[in-house]
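Student: Could we go through this one together, asking at each step why a label applies?
Tutor: Sure, let's take it piece by piece.

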Amino acid sequence: MKLTLKIWRQAGPDAKGAMVDYPIDGISEDMSFLEMLDVLNDQLIREGQEPVAFDHDCREGICGMCSLYINGRPHGPGRHITTCQLHMRRFKDGETIYVEPWRAKAFPIVKDLVVDRSAFDRIQAAGGFISVNTGGNLVDANSIPVPKAAADKAFDAATCIGCGACVAACPNSSAMLFVSAKVSQYALLPQGRAEARTRALNMVEQMDAEGFGTCTNIGACHIECPKDISLENIARLNREYLAAEICREDEGTEKDSTY
Amino acid sequence: MSTLDPKVPDGPLEKKWDLHKEHLRLVNPANKRRIDVIVVGTGLAGASAAASLAEMGYNVKSFCYQDSARRAHSIAAQGGINAAKNYPNDGDSVYRLFYDTLKGGDYRSRESNTWRLAEVSANIIDQCVAQGVPFAREYGGLLDNRSFGGALVSRTFYARGQTGQQLLLGAYSALMRQVGKGKVQMFDRHEMLDLVVVDGKARGIIARNLVTGKIERHGAHAVLLCSGGYGNVFFLSTNAMGSNVTAAWKAHKRGAFMANPCYTQIHPTCIPVSGTHQSKLTLMSESLRNDGRIWVPKKLEDAKALQEGRKKGRDIPEEDRDYYLERRYPSFGNLVPRDVASRAAKERCDAGFGVNRTGEAVFLDFASAIERYGKMEANVHHIHNPGKEQVRELGMKVVSAKYGNLFDMYENITGDNPYEHPMMIYPAVHYTMGGLWVDYNLMSTIPGMYVLGEANFSDHGANRLGASALMQGLADGYFIIPYTIADHLAHDIRTGPIPTNTPEFDEAEKHVRGRIEQLMNVKGTLPVDHFHRELGRVMWNHCGMARNEAGLKEGIEKIRKIREDFWKNVRVPGKAEEFNQELEKAGRVADFLELGELMCVDALHRSESCGGHFREESQTAEGEALRKDDEFAYVAAWEWKGEPGKDVMHKEPLAFEVLKLSQRSYK
């Protein structure tokens, strides 16, 4: 295959960026999109130019490190796949492909196609956990049965890979799908129920502090989510949040502070 | 050569760990606050260790090269995690898990470590459930189990095909909780480039900030390496692109012995190589072998037709198929351990029976599983005399619920529908049992430096059983290091913070800067990947699934040439003091080029076959691995002597008190 790539190049966070054209030839349809970029970088290095920086690691669709806005869509054409699982057989010979980084205020650009998604880690640190220490003598795992339906739903929410496609897809750059997936996973399980409400409050507070936008129920996040995280989770987050707000005085919003 | 003392405690095997814990020194809570610990890597071992130590009160600095701790490659583990819970009432016990693991490792692991691993396995499941890990459950709400290769019981806990992801996110959530409290300081996009040793003790690391390129000094009272395995030395493997040996290798050069580096696991069920631009290989969970049947054609002319694309798998009638694992190993069938399954596939393909264009693939077929489940479903739904199509449809639903995500992944990568045609699979490099040598306390030969998870060598001998890597990573991090590290740190309660303005830190930083400068200054013409690919090809051909003396010697020569060529002709574009992915890769490949040689040297010296290490000169009449227990019942631990290829071997003899050494049989 012969292709024309139009790729966003930006030397650093404060540098001015631009789209740059790269013609490329000899691409096989069995290659993944990232392998195609490997070929491009190989050529650029041999020609003495700077290769294109992009994030990637596991290349099997699970680590969430790869990103890329391809032809106007996070992770490119096709549903339920990450960029590393996108294969060139989905493109036509002679096609022009636009490749851009995630665009969101809360995800500043590091270089070229690489963005800083550490805001997600900070949201997680604000409440995305169950406050239980490592214990040598916990209760047996089977002492609390969990209805299969709840366990399955919790699992579905827990499959979020934290890639940030939801934020990139959203016109408001909202992180509600990401946050709601985490809140839901724990809220649905008896083990996580105890702190469900304070968790919702704390995670939402951090989400707002990071500069993510608000949710206006557009649903693009769900369409572009490589793991098919459901919008139901956002409804559940809203429910948890509202209930927590109303009960604020009774239950308090104390953060766990046992050291 | 010297003999290494693993410091295994006295007492009967099943009491060792309990007695040992009672005698280990403790650090009181107020003193823990005065002690700093560095943890390199945030996979299952690293994240669980960092979180647990911070919970106990130590000040932890946690490092990973990825942009977030949540992305460590443990996340990609699919199948499950073993634990001797015996929930299914099928006769499992700590002893049986221990026995299977030791036998599966072909009697090349330390008995006491393997027992302890089996012993703490049940706690791991309790811990993870308490953290909110959504394991698969049955309709009654209790946890579900499945069977896995190399075992005759169902002891594997799982979360669909994403068990590693769920366990890692559990450990990551515990880690982030401590980050939120300020007990863990997180350094993502950082890479450890040297270990700092002061007065013979590990006292810190030199790290490169991968965003700015700045070289940083970090001091601590102890350093934990949880940096994973070195399978990427083969270039093509199921590891993540960034998985590397650099942290471990730098520690090796500072005095940590490298044990059994030649023990590599080649996983039998991976998607075959499709072309020369391939950057990595994708694993299909071993759990597929529970229901899939592996076969090649009986007749060479059928194989030829398949290779030339004139026939498809389903065109071969039942009587012309060779279910070679079921034929050779009737009692374990398709569930033999990984090393056995991989070698059997290679044997058939080498004999010309491969089923794809390259002749390097075998079928993994779900047709009979679909039919079997379809009939069961028809019964459940009271459908009498269902038609063939209806059975198929019902069966496909069951198979899809069990393995749907794996089937989708396969179709995405190959463009082939595995419900219609049998999958094609071939072995690929997956895991390294070898690693830095550690004693019973997980301490390396450098006092104060501990090694956890895949990065150490300790528990899996010469072959790891499925669903045991997750178990080991979490056992080390949650339940072993929190006890054993205190014994060492108890000496450090009055030491005070470790200063980083000492000559030792100066020297280490200078060394790191020198190496980076050297890489930047080659200014050759070829990209790093070129050399990595070359190295991978040599490793696969000379130190892969089958090894022999002549091949290994040739391999060593070839690696030396590639290394020379690398230092003359590599081109690292850009600058050192900036975000520079090629520089990261160059440093890692430079280390692989040294490790590769040591792997060949180790494989050459071990002229027996055991587990994943198959020496063609040492096999039974039936082509099975033949151990030489009189000569090789020891751990080979290599000491760095200033340059690659000059390592000196030390031995840790393996004593078996409970299990008798016997030839492994899965027939």
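Student: Where does B:Trp638 sit in chain B?
Tutor: B:Trp638 is in strand β19, which covers residues 634–639. Keep in mind that we're looking at a predicted model.

Student: Why is B:Trp638 called buried?
Tutor: Count the C-beta neighbours: B:Trp638 has 22 of them inside 10 Å. The cut-off for buried is 20 or more, so B:Trp638 counts as buried.

Student: Which residues does B:Trp638 touch, leaving out those up to four places away in sequence?
Tutor: B:Phe257, B:Met258, B:Pro261, B:Leu598, B:Asp602, B:Asp647, B:Val648 and B:Met649. For a sense of distance, take B:Pro527: from B:Trp638 it is 111 residues away in sequence and 31 Å away in space, C-alpha to C-alpha.

Student: Now A:His87. What makes this residue buried, when it lies in the loop between β4 (73–74) and β5 (96–100) of chain A?
Tutor: The label depends on the neighbour count. A:His87 has 22 other C-beta atoms within 10 Å, and buried takes 20 or more, so A:His87 is buried.

Student: Which residues of chain B are in contact with A:His87?
Tutor: B:Asn412 and B:Ile413. In chain A, beyond four places in sequence, A:His87 contacts A:Glu29, A:Asp30, A:Met31 and A:Ser32.

Student: How many residues does each chain put into the contact between A and B?
Tutor: Chain B gives 68 residues and chain A gives 66. On the chain B side, the elements with two or more residues there are α3, α5 (111–131), α6 (163–181), α12 (388–414), α13 and α17. Helix α6(B) gives the most, with 10 residues. By class, the chain B side has 27 nonpolar, 26 polar and 15 charged residues.

Student: Back to loops. What stands out about phi of A:Asp112 and of B:Asn385?
Tutor: Phi of A:Asp112 is near 45°, a positive value in a residue other than glycine. For B:Asn385, phi is likewise positive and near 45°, again in a residue that isn't glycine.

Student: Are they buried or exposed?
Tutor: A:Asp112, in the loop between β6 (109–111) and β7 (114–115) of chain A, has 25 C-beta neighbours inside 10 Å. With 20 or more needed, A:Asp112 is buried. B:Asn385, in the loop between α11 (367–380) and α12 of chain B, has 6 other C-beta atoms within 10 Å. Exposed means 12 or fewer, so B:Asn385 is exposed.

Student: On to helix pairs. Why are α3(B) and α13(B) called roughly parallel?
Tutor: Look at the angle. The axes of α3 (residues 44–56) and α13 (residues 469–489) of chain B come within 8 Å and cross at roughly 20°. Angles under 35 degrees count as roughly parallel, so α3(B) and α13(B) get that label. The crossing is right-handed.

Student: Which residues of α3(B) make that contact?
Tutor: B:Leu44, B:Ala45, B:Gly46, B:Ser48, B:Ala49, B:Ser52, B:Leu53 and B:Met56. They face residues of α13(B) including B:Leu474, B:Tyr478 and B:Ile481. In this contact, 10 residues are nonpolar, 5 polar and 1 charged.

Student: What makes α4(B) oblique to α5(B)?
Tutor: Here the axes of α4 (residues 94–104) of chain B and α5(B) come within 8 Å and cross at roughly 135°. That value falls outside the parallel, perpendicular and antiparallel ranges, the last of which starts over 145, so α4(B) is oblique to α5(B). Their crossing is right-handed. B:Phe98 and B:Leu102 are among the α4(B) residues in the contact, and B:Trp115 and B:Leu117 among those of α5(B). The tally is 7 nonpolar, 3 polar and 2 charged.

Student: Last one: which residues touch the most other members of the largest nonpolar core?
Tutor: In that core of 291 residues, they are B:Leu175, B:Leu224, B:Leu225, B:Val362 and B:Leu436. Helix α17 (residues 581–605) of chain B gives the most to the core, with 13 residues. Contacts of B:Leu225 beyond four places in sequence include B:Val40, B:Ala247, B:Leu436 and B:Met449.

Conventions: Residues are numbered from 1 along each chain as its sequence is written. Chains are lettered from A and ligands numbered from 1 in the order in which they are written. This is a predicted model: local features need pLDDT of at least 70, side-chain atom pairs count only at pLDDT 80 or more; totals for chains, interfaces and linings use all residues. A nonpolar core is a set of buried Ala, Val, Leu, Ile, Met, Phe, Trp, Tyr and Cys residues joined through C-beta atoms within 7 Å. Helices (H or I, at least four residues) and strands (E, at least two) are DSSP runs, numbered from the N terminus. Two residues are in contact if their C-beta atoms, placed from the backbone, lie within 7 Å. Axes are lines fitted to C-alpha atoms, for helices over the stretch in contact, and angles run from 0 to 180 degrees between N-to-C directions. Angles under 35 degrees count as roughly parallel, over 145 as roughly antiparallel, 65 to 115 as roughly perpendicular and the rest as oblique. A crossing is left-handed if the near helix is turned anticlockwise from the far one by less than a right angle, and right-handed if clockwise. Ala, Val, Leu, Ile, Met, Phe, Trp, Tyr, Cys and Pro count as nonpolar, Asp, Glu, Lys and Arg as charged, and the others, Gly among them, as polar.
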